[in-house]
Amino acid sequence: MKNQSDSFGNLTNFSVGDLVFWKNKGKKETGLITKLFFSVEGGRKVAKASIFHMKTEKYLILPTIILNFEQKR
């Protein structure tokens with residue numbers, strides 16, 4: 001039997017101020033974590049981060065499960 005957690009992704013590995021990257025259509029994007037939080041989607045908690053995108057200089061909301069560390073604060 002599969003063991004399911006109560007959330008999708010986690011916040012414990014990340015901190016505000018971490019420089020992270022993710023892939024968007026094969027291109028590497030970078031940003032700075034400004035906020036970490038959970039939101040409920042489909043009845044399940046999803047770990048998300050507010051990211052200041054370095055290239056566009058805009059804020060994005062992304063699930064933490066797609067984020068990787070560029071540099072840990």
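The following dialogue explains how to read several features of this predicted model.

Me: How should one begin with a predicted model, and which elements have the lowest and the highest mean pLDDT?

Reply: One begins with confidence. Where pLDDT is low, the predicted coordinates should not be read in detail. In this protein chain the average pLDDT is 89, and 92% of the residues score at least 70. Among the elements, β5 has the highest mean pLDDT, at 97, whereas β1 has the lowest, at 78.

Me: Is strand β4 largely enclosed or exposed?

Reply: The way to judge is to ask how many residues of the strand are buried, that is, under 20% relative accessible area. Strand β4 covers residues 44-53, and 7 of its 10 residues are buried, so the rest of the structure largely encloses it.

Me: Which strands pair with β4, and in which sense?

Reply: Three pairings may be taken in turn. Strand β1, residues 7-8, pairs with β4 in the parallel sense over 2 bridges. Strand β3, residues 27-41, pairs with β4 in the antiparallel sense over 10 bridges. The pairing of β4 with β5 is also antiparallel, over 5 bridges.

Me: Which residues serve as landmarks for these pairings?

Reply: For β1, the bridge partner of F8 is V46 in β4. For β3, F37 stands opposite K48 in β4. K48 also has a bridge partner in β5, namely P63. As a general guide to such strands, the side chains in a regular strand alternate between the two faces of the sheet.

Me: How many residues lie between the strands in the hairpins of β4, and which residues there take a positive phi?

Reply: The hairpin of β3 and β4 has 2 residues between the strands, and G42 takes a positive phi near 60 degrees there. The hairpin of β4 and β5 has 5 residues between the strands; in this hairpin E57 takes a positive phi near 55 degrees.

Me: Why does a positive phi deserve attention?

Reply: It deserves attention because most residues other than glycine have a negative phi. E57 is not a glycine, yet its phi is positive. This residue lies in the loop between β4 and β5 and, at 58% relative accessibility, counts as exposed. K25 is another non-glycine residue with a positive phi, of about 55 degrees. K25 is found in the loop between β2 and β3, and it is exposed, with a relative accessible area of 83%.

Me: How many aromatic pairs are there, when ring centres within 6.5 Å count as a pair?

Reply: The count comes to 2 aromatic pairs. In one of them, the rings of F14 and F69 have centres 5.0 Å apart and planes at 35 degrees, so this pair is tilted. The pair links distant parts of the chain, since F14 is in the loop between β1 and β2 and F69 is in strand β6, 55 residues apart. F14 counts as buried at 10% relative accessibility, whereas F69 is partly exposed, with a relative accessible area of 35%.

Me: Which residues form a nonpolar patch on the surface?

Reply: To read such a patch, one looks at its members and at their accessible area together. Here F8, I65 and I66 form the patch, with about 260 Å² of accessible area together. Of these members, F8 has already appeared as the bridge partner of V46, while I65 is found in the loop between β5 and β6.

Terms used. Residues numbered from 1 in each chain as written. Predicted model: local features only at pLDDT ≥ 70, side-chain atom pairs only at ≥ 80, totals over all residues. Heavy atoms only, no water. Patch = residues over 30% accessible without salt bridge, like charges linked within 9 Å, V, L, I, M, F, W, Y side chains within 5 Å. Areas by Shrake-Rupley, 256 points an atom, 1.4 Å probe, with all protein chains shown as cover. Salt bridge = Lys/Arg side-chain N within 4 Å of Asp/Glu carboxyl O. Helix = DSSP H or I, 4+ residues; strand = E, 2+ residues; numbered from the N terminus. Buried < 20%, exposed > 50% of the residue type's maximum accessible area, 1.4 Å probe, protein only. Pairing = 2+ DSSP bridges. pLDDT = per-residue confidence, 0-100. Phe/Tyr/Trp six-rings, centres within 6.5 Å; stacked < 30°, edge-to-face > 60°.
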